[in-house]
Amino acid sequence: YADGPPASAVTDADVTVRLYSRGAWREVTVGPRLPCTRARRLAFARGAGPSADGGLETYELWPAYVEKALATLRGGGYGSLQGGSCAVGLLAVSGGVCERIRLRPPASVRERATAASGANLEQGAAAAERAEGEYFRQSCARVWARLGAETAASAPASGQTPANFRPAARAAACCFTLERAGAASGAVDRGSGLLLNHTYACLRGAQLGRGARL
């Protein structure tokens, strides 16, 4: 077993995972063995938690078993899990309907605004900028609504945490990707510090003071 509890503490038995596939919940049973590297670490998905020295320890095995069950369900082994959509994975583990919200305005938004302004290029450029800004604001509002965030009035003031305050709760699992066509593997966006074309999980939203949202 990968760097988790000693083998004697792990039950050597099959594991059954419930996954949602083709409109129904299905139980997939897999063996206890998991692919590991030569260093005896899990080769693919793994759960991580903080260690005493501030590092990470991979004691949780359930992500690896969910991954193995999904590979078994698809019938193509681990190779069938390469690439794909985050929405497909969320559907498999939750059974919930997934929605994709793009924050970057599509080209059609600018094209419609420019066309509506006729031959006046200056007015067309200004209209296109306003239309793109409005699209971005509406998309952000939709994402915020899906997260089920707290209102600004319920957010704590700086340095204060009322007893009845609760962090912004999310209504469902949420993932986001900073997309950029042609970006090299491992490239980082300078403005945010996030990896380009990499999918992140959004754990929760927070309503800060003065209308700021995080």
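**Close-up 1. Phe44 and Tyr78 in the predicted model.** At 40% relative accessibility, Phe44 is partly exposed (buried is under 20% relative accessible area, exposed over 50%, partly exposed in between; 1.4 Å probe, protein chains only). Tyr78 is also partly exposed, at 24%. Their ring centres lie 4.8 Å apart with the planes at 25 degrees, so the pair is stacked (rings of Phe, Tyr and Trp, its six-membered ring, pair if their centres lie within 6.5 Å; planes under 30 degrees apart are stacked, over 60 edge-to-face, the rest tilted). Phe44 sits in the loop between strand S2 (24-30) and strand S3 (47-50), and Tyr78, 34 residues apart from Phe44, in the loop between helix H1 (62-74) and helix H2 (86-94) (DSSP runs numbered from the N terminus: helices H or I, at least four residues; strands E, at least two).

**Close-up 2. The edge-to-face pair of Tyr20 and Trp25.** The centres are 5.3 Å apart and the planes 75 degrees. Tyr20 has 23% relative accessibility and Trp25 38%, and Trp25 is partly exposed. The count of aromatic pairs is two.

**Close-up 3. Crossing of helices H3 and H4.** The axes of H3 (residues 107-116) and H4 (residues 121-147) come within 8 Å and cross at roughly 140 degrees (lines fitted to C-alpha atoms over the stretch in contact; angles from 0 to 180 degrees between N-to-C directions). H3 contributes Val109, Arg110, Ala113 and Thr114 to the contact (heavy atoms within 4.5 Å). Among the H4 residues are Gly124, Glu129 and Tyr135.

**Basis.** The model is predicted; local features need pLDDT of at least 70 and side-chain atom pairs pLDDT 80 or more, while totals for chains, interfaces and linings use all residues. Residues are numbered from 1 along each chain as its sequence is written, and side-chain values use heavy atoms, without hydrogens and water.
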